[in-house]
Amino acid sequence: MTSKAKHGLRTAERVERRGRMINLKYRSNRRLHWTRRIYRRANSVISPIAFSFTMDDFTVVERALTPQAGDRILTLASAGDTPLNLLRFQPAEIIAVDIAPPQLHLTKLKIAGARELTLSDFRRLIGVSPPGDAEVIYQKVRGLLEPQTQSFWDDHLDLLRRGIIWQGSVRRMSTFWGPLARLRVRLFRPGLTVADNPYLAPLLLGSMPPEEHLPPYLTESGYPLIQRHLDRLTVVHSDIREFLRQQPASTIDVFALSNVTDWLPRGQQSDFLELIVRAARPGARVLICGHRRVAEVPAHLRGQLVPDRDLETEVRRADRVGYFRRICVLRVQPGAEQDERRGRG
């Protein structure tokens, strides 16, 4: 393990011993692009939570990654929607990693709510249904939360009262750019119906779509499925790269990584893809989206990390969000290093 990785581990251990989470920062001699830094600072001013619902279309995630029973899945926590949706496929384990404590607190609140609440109460807790009694419902699950997550929500009861799903900074900023976005949808995605869209309806119209268009974990059929498998979902506070460095080789089947490469310092993509190849089992599936940057496979990994261009085209057309300019679907093929590890095993 490198000295940088050891430093990251020691930092995480200190945070856990103190019983609280802080914003982790990846130490690098390359900084994020200035637009990303401004975007992140603006988010923190508007709301402690950036994403109150995910921007990853669950149909894209599921078609691209074809999750199977028994898979070990790595995903970003974000608002908790992707890991909760993927529980329907009965994986052996889902690890939801995020560097931002507020996103983890939101994910943990949803997990606790799914353990304890009926679907009707769960929807009111997060604001999908009118959240008039969300604060009362929160008291039902508060005792299931870790102390630092309890403290976060005790300090932000106003978010619960107004409906969490509406309080993310990305959602609140859409008040300003929503009209332009709706025009863009009409011009460039004329077949897309915003009112029935589980992502664009709350983002651009401030309303939820009909029942049949909600994310699966919020439906009558999907909610009982995720409730049965909540023990298979683990939430981790870490930089995704530090987490991958700590993983045993050849242990992960599915990587649902959203637009993680948009947030990597310049020149770090190659190192990040190497970490994925090392942690992946042969045949693993990888999904990386990008708004600003494209995940390009470097020459030395092209024999092991193979793009599926046909599937990329298919899921790009199916994407109902339209935020990502590029959707990369990759398959991990056995390489010399993986074959050697399997031979030793």
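# Worked exercises on a predicted model

Gln167 counts as buried, at 8% relative accessibility. The model behind that value is a predicted one, and the exercises below work through it piece by piece.

**Exercise 1. Place Gln167 in the fold and find the partner of its side chain.**

Step 1: start with the backbone. Gln167 sits in a loop, with helix 9 (157-162) on one side and helix 10 (169-188) on the other.

Step 2: check the burial. The cut-off for buried is under 20% relative accessible area, so 8% puts Gln167 in the buried class.

Step 3: look for a polar partner. The side chain of Arg162 is 3.1 Å from that of Gln167, and the pair makes a polar contact.

**Exercise 2. Get a feel for the whole chain: how many helices and strands are there, and what share of the residues is buried?**

Step 1: count the elements. The secondary structure adds up to 16 helices and seven strands.

Step 2: go to burial. Of the 345 residues in the protein chain, 56% are buried.

Step 3: look at contact range. Take contacts between residues at least 6 apart in sequence; 74% of these join residues at least 24 apart.

**Exercise 3. Work out how many disulfides the model has, using Cys289 and Cys328 as test cases.**

Step 1: recall the chemistry. A disulfide is a covalent bond between the sulfur atoms of two cysteines.

Step 2: apply the cut-off. Two cysteine sulfurs need to be within 2.5 Å, and by this rule the count is zero disulfides.

Step 3: try Cys289. Its nearest cysteine sulfur belongs to Cys328 and is 7.8 Å away, and Cys289 is in no disulfide.

Step 4: try it from the other end. For Cys328 the nearest cysteine sulfur is that of Cys289, again at 7.8 Å, and Cys328 is in no disulfide either.

Step 5: add the surroundings. Cys289 is buried, with a relative accessible area of 4%, and Cys328 is buried at 1%.

**Exercise 4. Describe how helix 5 packs on helix 6: are they roughly parallel or antiparallel?**

Step 1: read off the geometry. Helix 5 (residues 101-116) and helix 6 (residues 119-126) have axes 9 Å apart, at an angle of about 160 degrees.

Step 2: classify it. Angles over 145 degrees count as roughly antiparallel, so helix 5 is roughly antiparallel to helix 6.

Step 3: get the handedness. The crossing of helix 5 and helix 6 is right-handed.

Step 4: list who touches whom. Helix 5 brings Leu109, Lys110, Gly113 and Ala114, while helix 6 brings Phe122, Leu125 and Ile126.

Step 5: put the pattern in context. An α-helix has 3.6 residues a turn, so residues three or four places apart point the same way.

**Exercise 5. Repeat the analysis for helix 3 and helix 15.**

Step 1: geometry again. The axes of helix 3 (residues 58-65) and helix 15 (residues 309-318) come within 9 Å and cross at roughly 165 degrees.

Step 2: direction. Helix 3 and helix 15 are therefore roughly antiparallel to each other.

Step 3: handedness. Helix 3 passes helix 15 in a right-handed crossing.

Step 4: contacts. Thr59, Val60, Arg63 and Ala64 of helix 3 meet Leu311, Glu314, Val315 and Ala318 of helix 15.

**Exercise 6. Which residues of helix 8 are buried, and what covers them?**

Step 1: pick out the residues. In helix 8 (residues 147-155), the buried ones include Gln148, Thr149, Gln150, Phe152 and Trp153.

Step 2: find the cover. It includes helix 5, helix 7 (134-141) and helix 9.

**Exercise 7. Compare two non-glycine residues with positive phi, Gln90 and Ser258.**

Step 1: take Gln90. Its phi is about 55 degrees, and Gln90 lies in the loop between helix 4 (81-86) and strand 2 (93-98).

Step 2: take Ser258. Its phi is near 45 degrees, in the loop between strand 4 (252-256) and helix 14 (269-279).

Step 3: set their exposure side by side. Gln90 is partly exposed at 40% relative accessibility, whereas Ser258 is buried at 15%.

**Exercise 8. Map the surroundings of Thr75.**

Step 1: location. Thr75 belongs to strand 1 (residues 72-76) and is buried at 2% relative accessibility.

Step 2: contacts. Beyond its neighbours within four places in sequence, Thr75 touches Thr82, Pro83, Ile94, Ile95, Ala96, Val97 and Ala256.

Step 3: side chain. The side chain of Thr75 reaches the backbone oxygen of Ala256 at 3.1 Å.

Step 4: long range. Thr75 and Val235 are 160 residues apart along the chain, yet 9.8 Å separates their C-alpha atoms.

Methods:
Residues numbered from 1 in each chain as written. Predicted model: local features only at pLDDT ≥ 70, side-chain atom pairs only at ≥ 80, totals over all residues. Heavy atoms only, no water. Helix = DSSP H or I, 4+ residues; strand = E, 2+ residues; numbered from the N terminus. Buried < 20%, exposed > 50% of the residue type's maximum accessible area, 1.4 Å probe, protein only. Polar contact = N/O pair within 3.5 Å; in protein donor to acceptor, adjacent residues only side chain to side chain. Axes fitted to C-alpha atoms, helices over the stretch in contact; angles between N-to-C directions. Parallel < 35°, antiparallel > 145°, perpendicular 65-115°, else oblique. Left-handed = near helix turned anticlockwise from the far one by under 90°. Contact = heavy atoms within 4.5 Å.
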